[in-house]
Amino acid sequence: MVLFRGDIKCKSLQRRTSISVILPADNIHFLNDSEEIVPQPYKTLYLLHGLYGSDDIFLANTSIQKFAEDHGIAIVIPCGENSFYLDREDAHAYYGEYVGQELLDITRNIFPLSRRREDTYIAGFSMGGYGAIRNGLKYCNNFSKIGMISAALITDDIANYTSDSNVLRDSSFYKSCFGDLDNIEHSDKNPKYLIDNCENIPDIFMACGENDFLIDKNVDFYEFLKSRNIDAEFIRAQGEHTWEFCDKYIKEFIKRL
């Protein structure tokens with residue numbers, strides 16, 4: 001396994017931004033004098049962190065590096081700030097365009113990553129789970145599978161939020177990400193709207209803990225998918241909104257790639 005951490009210049013964000021890239025490039029076992037060669041170009045997972053996170057947070061809180069090595073897959077982790085991976089025109093910060101298209105173009109030009117849709121996946125935890133379903137659908141011709149771990153599927157609720165000292169409940173914070181909260185339902189910021197307007201829906205994998213504060217929203221979205229005859233996989237398991245749960249079920253998603 002090779003780990004790269006560095007900065008890239010990004011037109012979508014109008015600045016430099018950090019990324020972490022895991023490559024299954026040197027799977028050498030010194031003790032038994034063996035080496036496993038993973039064929040290039042590599043299948044690639046674009047993995048999105050949650051609120052308050054950064055591109056190194058999966059490296060610090062999960063065993064994703066070892067799992068990527070064991071399964072011969074590259075993983076690209078961008079820094080999404082607290083953006084919900086949406087395009088913010090007023091700030092000239094197009095995070096959706098970045099993770100949906102430009103990040104693929106940049107990393108494919110630098111690293112030996114597959115350019116095929118069937119080898120390209122997007123997933124995320126919490127806010128990143130929302131970013132994965134929103135941008136996996138909006139840029140559905142780029143991704144063949146979407147993974148949502150404890151996804152923050154909050155678009156049905158945030159129009160009712162008010163001012164609060166806690167950013168998770170503060171309407172002004174969500175306005176900075178989503179814009180006019182009253183116009184989300186029939187926009188490409190609403191995953192349900194995208195499902196109804198997407199002709200090439202990727203495979204969808206969902207997991208959420210029974211004691212997660214987001215479980216009802218995930219159940220609702222899964223029921224919506226079933227109502228549209230979309231064959232998604234949903235794992236409801238014991239657990240909360242924790243890194244332990246994320247570590248376990250991001251691995252389950254990778255097993256299916």
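These notebook entries record what I looked up in a predicted model.

**Entry 1: strand E5 and its neighbours**

I began with strand E5, which spans residues 44-48. Five of its five residues are buried, so I noted the strand as largely enclosed by the rest of the structure. I then checked which way the side chains point. Thr44, Tyr46 and Leu48 point one way from E5, while Leu45 and Leu47 point the other way. Both sets are buried.

Next I looked up the pairing partners. E5 pairs with strand E6 (residues 74-78) in the parallel sense, over three bridges. E5 also pairs with strand E9 (residues 120-125), again in the parallel sense, over five bridges. I followed leucine 45 into both partners: it stands opposite isoleucine 75 in E6 and opposite tyrosine 121 in E9.

**Entry 2: glutamate 36**

I located glutamate 36 in strand E4, residues 34-36. Its relative accessible area is 44%, so I entered glutamate 36 as partly exposed, the range for that class being 20% to 50%. I also took a distance from this residue to phenylalanine 125. The two C-alpha atoms are separated by 30 Å, and the residues lie 89 positions apart along the chain.

**Entry 3: threonine 107**

I found threonine 107 in helix H3, which covers residues 95-110. Its relative accessibility is 0%, so threonine 107 counts as buried. Its side chain reaches the backbone oxygen of leucine 104 at 3.4 Å. I listed its contacts, leaving out residues up to four places away in sequence: threonine 107 touches Ile19, Tyr46, Val76 and Leu113. Of these contacts, Tyr46 belongs to the E5 set that I had noted with Thr44 and Leu48.

**Entry 4: aromatic pairs**

I searched the whole structure for aromatic pairs and found 16. I examined the pair of phenylalanine 84 and phenylalanine 178, whose ring centres are 5.3 Å apart. Their planes stand at 55°, so I recorded the pair as tilted. The pair links distant parts of the chain, with the two positions 94 residues apart in numbering. Phenylalanine 84 sits in the loop between E6 and strand E7 (87-88), and phenylalanine 178 sits in helix H5 (residues 171-178). Phenylalanine 84 counts as buried at 3% relative accessibility, and phenylalanine 178 counts as buried at 1%.

I then turned to phenylalanine 173 and tyrosine 174. Their ring centres are 5.0 Å apart and their planes at 65°, so this pair is edge-to-face. Phenylalanine 173 is buried at 12% relative accessibility, as is tyrosine 174 at 3%. I noted that these four residues, together with Tyr130 and Tyr161, form one aromatic cluster.

**Entry 5: nonpolar cores**

Which residues touch the most other members of the largest nonpolar core? I recorded Phe84, Met148, Phe178, Met206, Phe221 and Leu225, in a core of 62 residues. Helix H3 gives this core its largest share, six residues.

I looked up phenylalanine 221 in particular. Not counting residues up to four places away in sequence, phenylalanine 221 touches Ile133, Met148, Leu153, Pro191, Lys192, Ile195 and Met206. Met148 and Met206 thus appear both among its contacts and among the residues that touch the most other core members.

I closed with a second, separate core of 26 residues, which includes Ile22, Ala123, Phe245 and Ile254.

Terms used: Residues are numbered from 1 along each chain as its sequence is written. This is a predicted model: local features need pLDDT of at least 70, side-chain atom pairs count only at pLDDT 80 or more; totals for chains, interfaces and linings use all residues. Side-chain values use heavy atoms; hydrogens and water are left out. Helices (H or I, at least four residues) and strands (E, at least two) are DSSP runs, numbered from the N terminus. Buried means under 20% relative accessible area, exposed over 50%, partly exposed in between (1.4 Å probe, protein chains only). Two strands pair if DSSP finds at least two bridges between them. Rings of Phe, Tyr and Trp (its six-membered ring) pair if their centres lie within 6.5 Å; planes under 30 degrees apart count as stacked, over 60 as edge-to-face and the rest as tilted. A polar contact is a pair of N or O atoms within 3.5 Å; within protein, one must be able to donate a hydrogen and the other to accept it, and residues adjacent in sequence count only if both atoms are side-chain atoms. Contact means heavy atoms within 4.5 Å. A nonpolar core is a set of buried Ala, Val, Leu, Ile, Met, Phe, Trp, Tyr and Cys residues joined through side-chain atoms within 4.5 Å.
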